[in-house]
Amino acid sequence: MTRLSSDELRLGRLFNGFDYQIQVWVVDGLIRGCAHPATMRSAGVPCCNAYLYAGQPIASVAGAETFPPEMIRRA
Ligand SMILES: [Zn+2]
């Protein structure tokens, strides 16, 4: 998988960038919420993972991308 060079990884996890596995943006290790209108959510059903996981550390979410050491660039 090709990654954007702007993605920042820390400790084998995405720190800033887009997680392609669970389809969320990550800023400083935390999942950004979505901007979908409330009308996209029905009772108890989130519109997307960004809404579901908003504000949580990406490292705590099962299924988020992980990166082997050889993929991690030295700063
Ligand atoms: Zn959403």
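Helices and strands here are DSSP runs, numbered from the N terminus.

**View 1. The whole chain, from β1 to α1, in a predicted model.** Walk along the sequence and you meet the elements in the pattern β-β-β-β-α. That makes one helix and four strands. Of the 75 residues, 13% count as buried. If you look at contacts between residues at least 6 apart in sequence, 44% join residues at least 24 apart.

**View 2. The sheet, an open one in the order β1-β2-β3-β4.** Its four strands pair in the antiparallel sense. At the edges sit β1 (8-10) and β4 (30-31), each pairing on one side only. Strand β2 (residues 13-19) meets strand β3 (residues 24-27) over three bridges. Zoom in on Asp19 and you'll find its bridge partner in β3, Val24.

**View 3. The largest nonpolar core, with eight residues.** Val24 turns up again here, together with Leu14, Val26, Ile31, Ala50, Tyr53, Ile58 and Ala64. Two elements, β3 and α1 (49-53), give two or more residues each to this core. As a rule, nonpolar side chains in soluble globular proteins tend to be buried together.

**View 4. Ala50 and its contacts.** Skip the neighbours within four places in sequence, and Ala50 is in contact with Val24, Trp25, Ile31, Arg32, Gly33 and Cys34. Of these, Val24 and Ile31 belong to the largest nonpolar core along with Ala50 itself.

**View 5. Confidence, element by element.** The mean pLDDT of the protein is 89, and 88% of its residues reach 70 or more. Confidence is highest in β4, at a mean of 98, and lowest in β1, at 90.

Definitions and conventions:
Residues are numbered from 1 along each chain as its sequence is written. This is a predicted model: local features need pLDDT of at least 70, side-chain atom pairs count only at pLDDT 80 or more; totals for chains, interfaces and linings use all residues. Two strands pair if DSSP finds at least two bridges between them. A nonpolar core is a set of buried Ala, Val, Leu, Ile, Met, Phe, Trp, Tyr and Cys residues joined through C-beta atoms within 7 Å. A residue is buried if 20 or more other C-beta atoms lie within 10 Å of its own, exposed if 12 or fewer, and partly exposed in between; C-beta atoms are placed from the backbone. Two residues are in contact if their C-beta atoms, placed from the backbone, lie within 7 Å. pLDDT is the predictor's confidence in each residue, from 0 to 100.
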